[in-house]
Amino acid sequence: MKLLISALLLSVCQGFLAPVPSTFLSRKTTSPLFATASPPATARKTPVFDEVCETTGVTLTRFMIEVAMLNPELSELPSLFSGIETACKAISNMVKRSQLTGLTGYAEGGGSINVQGEEQKTLDIMTNDVLKRALRFTGKLGVLASEEEDTPVDVEPSSKEVMFDETSKYVAVFDPLDGSSNVDAGIPTGTIFGIFDHDEECVVEGEPEGLSEAEMVCLTNTLKPGTDLVASGYCLYSSSCFFVMTVGCGVYGFTLDESIGEFVLTHPNIKIPETSKIYSFNEANLPQWDAPMRETVEKWRVGEGKSGNRFSSRYIGSMVGDVHRTLLYGGVFGYPSDTKNKNGKLRLLYEGAPMSYLMEQAGGLSSTGTKRVMEITPDEVHQRVPIVMGSKGDVQEVLDAYKAAGM
Ligand code: AFP
């Protein structure tokens, strides 16, 4: 097997020079090496591995090294991924042990409110900190924006802390513990991240309150549309801990093998089924949704939609868990606009855009109903966006309904 992997990698490395012999194409990874859904500006290459072994297979670290080898413009991404990977392992442990270590409940016994007026759980604050620390020490981050931070935070490390050649190449946005309102009941939660290129000229010193206008402009360079994402992904803390990511050439899923402490490739080149029988919404809000959304779901309930399938409902109320199931089983997940919340509930920069990138890379669609989520430029860090994402055929049915209603 080792020999075959080396041969495969060699063929892929030679990408442009020599065609990859068809016998070298992975049995599991049958799609082309290049992404088909919303290709990035420069087509990226992804390693092809012939077999996925459960305990000694391809680790995330190894996978990222191969990705960087094949795509020299991404050469600094593996160290950043390694920071995120470490944070995910630490967070997975914290979540798993929270009932035993007293990390449950609200921060400061209640009363700690984030910028969006939501009460913060103890774990919200701690996981935010874990991520910040893990990323800071990669030496690759310029600016961070997080659900738990009021404004983007500059994490330019002091020279003492830098472990690698410092270039501040990327901007990371993340939701450290999405679904945290569920965490004390043992419901799945997750970390979502998105990575953009960073303007290397932008260096910010000091606290957000005392920044010059130029520094504020610098900070707001996190405000980019999803089409500018270099990479995105999530960690799901559930029956297993999963790490699912894209760098613009398909979606790859890794499972934490606790016996060796490594994420191992278990879901190469995830493709979402084109049509489905599952919808995943907070249906209590259905009476307030836009008419096209409401009517489409009402048809699905009774098997009168386009596919004729009678749909079932599956809703955890934790986006990472709901999107993970949707990617694997097919379906439609959403948090649509309603009469009370015109922009739905989910945050564009660190929930909507990173998850839409994954969804599109897996062959699905993600829209507000009238607009591709990936193309929306945020006006502010914590902006919300209505979302309906998932299996192509079913999401398209929603989009057609909006169009037919002249919206
Ligand atoms: P929390 O992080 O406050 O638990 O919110 C989770 C979330 O942002 C997202 O993960 C869910 O899909 C959505 O909110 C659930 O919202 P509802 O509770 O209104 O259904």
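Start with the open sheet of 5 strands: select E10, E9, E11, E13 and E12, which lie in the order E10-E9-E11-E13-E12 with mixed pairing. Look at the two ends of that order. Strand E10 (312-313) and strand E12 (365-367) are the edges, and each has a single partner strand, so one side of each has no neighbour in the sheet. Keep in mind as you go that this is a predicted model.

Stay at the E12 edge and add strand E13 (residues 387-390). E12 and E13 pair antiparallel, over 3 bridges. To see one of the partner pairs, pick Leu 365: its bridge partner in E13 is Gly 390.

Now zoom out for a moment. The protein has 9 helices and 13 strands. Of its 407 residues, 56% count as buried. If you switch on contacts and keep those with a separation of 6 or more, 69% of them join residues 24 or more positions apart.

Next, select strand E4 (residues 189-197), where 8 of the 9 residues are buried. Which strands pair with E4? Strand E3 (residues 170-178) is joined to E4 by 7 bridges, running antiparallel. Strand E5 (residues 229-237) is joined to E4 by 8 bridges, also antiparallel. For landmarks, try Val 173, which stands opposite Gly 194 in E4, and then Phe 193, whose bridge partner in E5 is Gly 233. While you have side chains on display, recall that in a regular strand they alternate between the two faces of the sheet.

On to the helices. Select helix H8 (residues 348-361) and colour by accessibility: 14 of its 14 residues are buried. Then step on to Gly 363, which follows H8 and has a positive phi, near 95°.

Last stop: show helix H6 (residues 291-301) together with helix H9 (residues 392-404). Their axes come within 8 Å and cross at roughly 135°, so H6 and H9 count as oblique to each other. The crossing is right-handed. To light up the contact, select Pro 292, Met 293, Thr 296 and Trp 300 on the H6 side, and Asp 394, Glu 397, Val 398, Ala 401 and Tyr 402 on the H9 side. Colour the H6 and H9 contact residues by type and you get 6 nonpolar, 1 polar and 2 charged.

Key. Residues numbered from 1 in each chain as written. Predicted model: local features only at pLDDT ≥ 70, side-chain atom pairs only at ≥ 80, totals over all residues. Heavy atoms only, no water. Pairing = 2+ DSSP bridges. Helix = DSSP H or I, 4+ residues; strand = E, 2+ residues; numbered from the N terminus. Axes fitted to C-alpha atoms, helices over the stretch in contact; angles between N-to-C directions. Parallel < 35°, antiparallel > 145°, perpendicular 65-115°, else oblique. Left-handed = near helix turned anticlockwise from the far one by under 90°. Contact = heavy atoms within 4.5 Å. Nonpolar A, V, L, I, M, F, W, Y, C, P; charged D, E, K, R; others polar. Buried < 20%, exposed > 50% of the residue type's maximum accessible area, 1.4 Å probe, protein only.
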